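Hi,

Here is the structure I promised to pass on to you. Have a look at it first, and then read my notes underneath.

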Amino acid sequence: MANTTTNISIRMDADLKAKADVLFAELGMNISTAFNIFVRQSLREGRIPFDISLKQPTKETVAAMLEAERIAKDPSAKGYTDLEELFADLKA
């Protein structure tokens, strides 16, 4: 492989770049080196070297989250400060 380099331009949110700069500096590199590592690993694996997914909650999870919010806001909902009391109520 030839040792020539080329410049590329990437648009990125300024706050995101600043956070990335801090992280990569802590790892002893700059964003250019980090990007090169990403590209090299992508080529080695023949794919993006990490999973990309939309981790959307299921309908059941959304319903549970909404129920938890409702209970947290309900002043008449019983709360517990003692685990033994909680377990006693669960057994009843």
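Below is what I found, going from one helix to a surface patch, then to some charged pairs and a few distances.

Before you start, keep in mind that this is a predicted model.

**Helix α2**

Let's begin with α2, which covers residues 31–45. Does its length make sense? With 15 residues at 1.5 Å a residue, α2 should span 21 Å, and its end C-alpha atoms are 21 Å apart, so the two values agree.

Now look at the two ends. Where the helix starts, asparagine 30 has a side-chain oxygen that comes within 3.1 Å of the backbone nitrogen of serine 32. Just after the helix comes glycine 46, and its phi is positive, near 70°.

Serine 42 is a good residue to click on inside α2. Is serine 42 buried or exposed? Its relative accessible area is 15%, and because anything under 20% counts as buried, serine 42 is buried. A polar atom of its side chain sits 2.9 Å from the backbone oxygen of phenylalanine 38. If you skip the neighbours within four places in sequence, serine 42 is in contact with Arg47, Ile48 and Pro49.

**The nonpolar patch**

Next, turn to the surface. Which residues make the nonpolar patch? They are Ile8, Ile10, Met12, Leu16, Phe35, Val39 and Leu43, and together they form a patch of about 660 Å². Helix α2 is the biggest contributor, giving three residues.

Two other members of the patch come from the segment before α1, which is residues 14–26: isoleucine 8 is there, and so is methionine 12. Isoleucine 8 has 57% relative accessibility, so it counts as exposed. Methionine 12, at 38%, counts as partly exposed. Leaving out neighbours within four places in sequence, methionine 12 is in contact with Lys17 and Ile31.

**Charged pairs**

How many salt bridges are there? The count comes to six. If the idea is new to you, side chains of opposite charge can pair when their charged atoms come close. I'll go through some of them here.

One of them links arginine 47 to glutamate 45, with the closest N and O atoms 3.1 Å apart. Both partners are partly exposed: arginine 47 has a relative accessible area of 43%, and glutamate 45 has 35%. You have already met arginine 47, by the way, as one of the contacts of serine 42.

Then find lysine 78. Its side chain meets that of glutamate 85 in a salt bridge, at 3.4 Å from N to O. The side chain of lysine 78 also meets that of aspartate 89 in a salt bridge, this time at 3.0 Å. Why does the pair of lysine 78 and aspartate 89 tie separate parts together? Lysine 78 is in the loop between α3 (59–73) and α4 (83–91), while aspartate 89 is in helix α4, so the pair connects parts that are eleven residues apart in sequence. Through shared partners, the salt bridges join Lys78, Glu85 and Asp89 into one network.

How covered are these three? Here are the values:

- Lysine 78 has 52% relative accessibility and counts as exposed.
- Glutamate 85 has 35% and counts as partly exposed.
- Aspartate 89 has 34% and counts as partly exposed.

**A few distances**

Finally, here are some pairs to try out with the distance tool in your viewer. Leucine 86 is found in helix α4, and at 24% relative accessibility it counts as partly exposed. Its C-alpha atom is separated by 23 Å from that of alanine 63, which is 23 residues away along the chain.

Leucine 66 is found in helix α3 and counts as exposed, at 53% relative accessibility. Between the C-alpha atoms of leucine 66 and glutamate 45 there are 41 Å, and these two are 21 residues apart along the chain. For one more pair, go back to methionine 12: its C-alpha atom is separated by 48 Å from that of leucine 83, with the two residues 71 apart along the chain.

That's everything from me. Have fun exploring!

Technical notes: Residues numbered from 1 in each chain as written. Predicted model: local features only at pLDDT ≥ 70, side-chain atom pairs only at ≥ 80, totals over all residues. Heavy atoms only, no water. Helix = DSSP H or I, 4+ residues; strand = E, 2+ residues; numbered from the N terminus. Expected span 1.5 Å × (residues − 1). Polar contact = N/O pair within 3.5 Å; in protein donor to acceptor, adjacent residues only side chain to side chain. Patch = residues over 30% accessible without salt bridge, like charges linked within 9 Å, V, L, I, M, F, W, Y side chains within 5 Å. Areas by Shrake-Rupley, 256 points an atom, 1.4 Å probe, with all protein chains shown as cover. Salt bridge = Lys/Arg side-chain N within 4 Å of Asp/Glu carboxyl O. Buried < 20%, exposed > 50% of the residue type's maximum accessible area, 1.4 Å probe, protein only. Contact = heavy atoms within 4.5 Å.
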